[in-house]
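Biologist: I should like to go through this model with you, taking its surface and its overall form in turn. Please show me the sequence and the structure before we begin.

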Amino acid sequence: MANVVRLKRGLNLRLEGTAVPNVEKTIVSDTVAIVPDNFHGIVPKVIVKPGDAVKVGSAVMYDKNHPEVQFVSPVSGEVVAVERGERRKVMKIVIKNDRKDEAVTFEKTSSAAEVKQLFLQAGMWGFIKQRPYDVIADPTVEPRDIFVTAFDNAPLAPVYAYEMLAGEDAKALAKGLEALAMLTQGKVYVGVEPESKVTVPAGVELVTFKGNFPACNAGVQAHNIAPVNKGETVWTINALDVVLMGRLLLNGRVDMMRTVAVSGSEVAKPAYVRALPGTPMADILKDNLVKADYARRVISGNVFTGVNVSIEGYLGVYHSHVTVIPEGNDTHEFLGWAMPGCKVLTTSRTFVSRWLPGSNRKPDARLHGGERAIIMSEEYDRVFPMDILPEYLVKAIIAFDIDRMEQLGIYEVAPEDFAACEFVDTSKLPLQEIVRKGLDALRKEMN
Amino acid sequence: MKALRRFLDKIKPNFEPGGKFAPLQSVFEGFESFLFVPATTSKSGVHIHDNIDSKRTMTVVIIALLPALLFGMYNVGYQHYLAIGELATTSFWTVFLYGFLAVLPKIVVSYLVGLGIEFIVAQMRHHEIQEGFLVSGMLIPMIVPIDTPLWMIAIATAFAVIFAKEVFGGTGMNIFNVALVTRAFLFFAYPSKMSGDNVFVRTGDAFGIGGGTVVDGFSGATPLGQVATNVGDELVLRNIVGEPLTTLDYFIGLIPGSIGETSTLAILIGAVILLLTGIASWRIIVSVFAGGLLTAWVCTMVDPSIYAAALLSPIDQVCLGGFAFAAVFMATDPVTAARTKTGKYIYGFLIGAMAIIIRVFNTGYPEGAMLAVLFMNAFAPLIDHYVVEANISRRLKRAKNAK
């Protein structure tokens, strides 16, 4: 019998611009970019220079702290630029796509050691994240368990991409899961939603989660299955990335093609496209934005945890989702705090729209208020489905009290777990940023 | 609105650093964000935010205070005309106008002093003006007797805002409820103007209207004041002209007392607003009443010849004095209350219990709700501490079992 976990606390927002579930087209761009900032927790060392020829699966950089962790090109062609920013930080590696699709071939694997070696070499390691710290997994530490998340219930989520896990991607998923099971002495858990048709190979455990966002987060799932204690390490991976691992194992070559939801109120025809990570947003959104004379925000990912990359940016490595919303920086709402609020996006019953169905489904990026000290209590708790006291943990992080953070469960959380809290926060605190900085500082302190 | 926006944009540079009026930057920002919701967009983290902000939150509390405030104004006029024996011949609106004129200066003084200090501190610290005092400034005039002099209110407000709030870091950082510190300061610094029989009913005129002399047999003692001085096993509470009062009178609130505290009915309307909008914690409100009712019931068993308040029924106890007001508007201040779910039950219950205990067993001290809330403000962090420790020990236990 499958395990079912019911989570009462969470947030369900319906926004305008859900992608229609069919794949419109495959986007092949002239250039793709590898953005080292996508991979959190590594120190990138670039090993290509402009003019170098690369194949699909050729390494372009590695992690200085763990040189075996390599990152590869998703296309074949020529490196045209390695752009650096302040203090020579690598901003992006731009590769010209020659459309020949020549790929590095990798040997078939059978043992755990070989699988691990393959993942490290062929750029798959970057998809494996670890708790604590929510960074790319340390290859020298064997995980206690592995948590694979196989659904997404953030606003406008790429549901169709996850449906394909039970369809055309099923074989690759199964292969990937089998390989992951070899990499841990513990268990591999796959978190799904009730309607999911995903099946898993023997030895992998399926857990059903009933509940709103952030039930789809690996941290929430891990906490409700087998929480991470101090000193333990677990891996968290998105099932859509496990598919990429499976394809590598099945075909012996890297194939990073993703099914990407193009969504949001500013998209003319919300639909799915196929695209590689690093595809320019301009190519993905070309001809598909509503006409407007105001500023827009192009997000790689969803409105809660995505990254504001702008139209000049690129599809993020982990993202099967693009959202475009109005920026709203030219909207000046007169006496907004005193108005009945018939057309606002809110979970607060102080606004009329909370009492009416079908309120605002077209939010912009405004904060709707100034930053304050934490005033209201229990606000975070109602969207935080873990036995952790979010407010106290956030305060401990701000104070950077390491003992207190440990006691309150810092090792179990990632910034994304605080996304819903950040949305509802009356005090408008940048919670994800606070948690991110706290985790990074803690990691530095502990290693 | 567009013209106003353009005007603001035009004068804005003058208030920025280097501008002509740079020292008034916080004040300008305060007014600007008062008129228009700031258009700043998220820089990190989530890209969309809930529309709620602290201005909205505070506004809802003020709206919830209005029924009690308006009733309080009417009641000030009512008690006055009752005292001078002209109630039957005076129109409703005149009665209200009298009360309005009598209360208004207190509101003005409280806001002027409190917001003035807030503005100055905000500018000194270069941060935005915070909304906390909008509520405190309304609470202060509602919890003082009508005849407390304005200069006393000004001094007490200044003391409370500076020493109970700003030195701790401003709104959200204070340990004690600012309005209650104001009241406590008044109570201990000027007891003769905060309690007794001569401050709860205004007998003089207000801005020239409603002059007259009090009728024979007038007594300005509040019901709880009468309880405190009661002798014997019988207790009959009377209004200011000597007629006996019933529980319904305590509930409706046409009795002498602090301006906003007399009407349990009006306060409950406010409570409904706060609970429907989800601003106040029902856990606190319910447990304050539960604690109060239970303790009052236990107290009915003590010897009434020593403790006269034992003669009051539990319902009378929660309707009289500042109990309901404290339960709905004071105990629920999220900053000074317990912040954890479990903690709120304990915090609220102890406030209710403490308020009644002070009332019953300290006969020199007719009203205990204020001190009960202040006392529990001090204990709220301790209550939360144990709730948090329980969470921590669950985590430790889990880690031990895992090994």
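Biologist: In which helix is the place of Ile346(B)?

Modeller: In this predicted model, Ile346(B) belongs to a nonpolar surface patch that also includes Tyr345(B) and Phe349(B). Among the elements that give two or more residues to this patch is the one spanning 341-361 of chain B. The place of Ile346(B) is therein, namely helix H14 of chain B.

Biologist: Is Ile346(B) buried, partly exposed or exposed?

Modeller: Buried would require under 20% relative accessible area, and exposed over 50%. The relative accessibility of Ile346(B) is 39%, so this residue counts as partly exposed.

Biologist: Which element gives the largest share of the nonpolar patch?

Modeller: Two helices of chain B give two or more residues each, H11 (282-299) and H14 (341-361). The patch has about 1000 Å² of accessible area together. Its largest share, five residues, comes from H11(B).

Biologist: In which strand does Lys45(A) lie?

Modeller: Lys45(A) forms a positive surface patch with Lys64(A), Arg84(A) and Arg88(A). With a relative accessible area of 36%, Lys45(A) is partly exposed. The residue lies within 44-46 of chain A, which is strand S4.

Biologist: What is the radius of gyration of chain A, and how does it stand against the globule rule?

Modeller: Chain A has ten helices and 21 strands. For its 447 residues the globule rule gives 22 Å, and the computed value is close to this, so the chain is as compact as a globular protein of that length; its radius of gyration is 21 Å.

Biologist: What percentage of the residues in chain A is buried?

Modeller: The C-alpha atoms of chain A fill a box of roughly 65 × 50 × 50 Å along the principal axes. Residues count as buried when under 20% relative accessible area. Of the 447 residues in chain A, the buried ones make up 59%.

Key
Residues are numbered from 1 along each chain as its sequence is written. Chains are lettered from A and ligands numbered from 1 in the order in which they are written. This is a predicted model: local features need pLDDT of at least 70, side-chain atom pairs count only at pLDDT 80 or more; totals for chains, interfaces and linings use all residues. Side-chain values use heavy atoms; hydrogens and water are left out. Patches are made of residues with over 30% relative accessible area and no salt bridge: like charges are joined within 9 Å, nonpolar side chains (Val, Leu, Ile, Met, Phe, Trp, Tyr) within 5 Å. Accessible areas come from the Shrake-Rupley method with a 1.4 Å probe; for residues, only the protein chains shown count as cover. A salt bridge is a side-chain nitrogen of Lys or Arg within 4 Å of a carboxyl oxygen of Asp or Glu. Helices (H or I, at least four residues) and strands (E, at least two) are DSSP runs, numbered from the N terminus. Buried means under 20% relative accessible area, exposed over 50%, partly exposed in between (1.4 Å probe, protein chains only). Lys and Arg count as positive and Asp and Glu as negative; His and the chain ends are not counted. The place of a charge is taken as NZ of Lys, CZ of Arg, CG of Asp or CD of Glu. The radius of gyration is taken over C-alpha atoms; the globule rule is 2.2 Å times the number of residues to the power 0.38.
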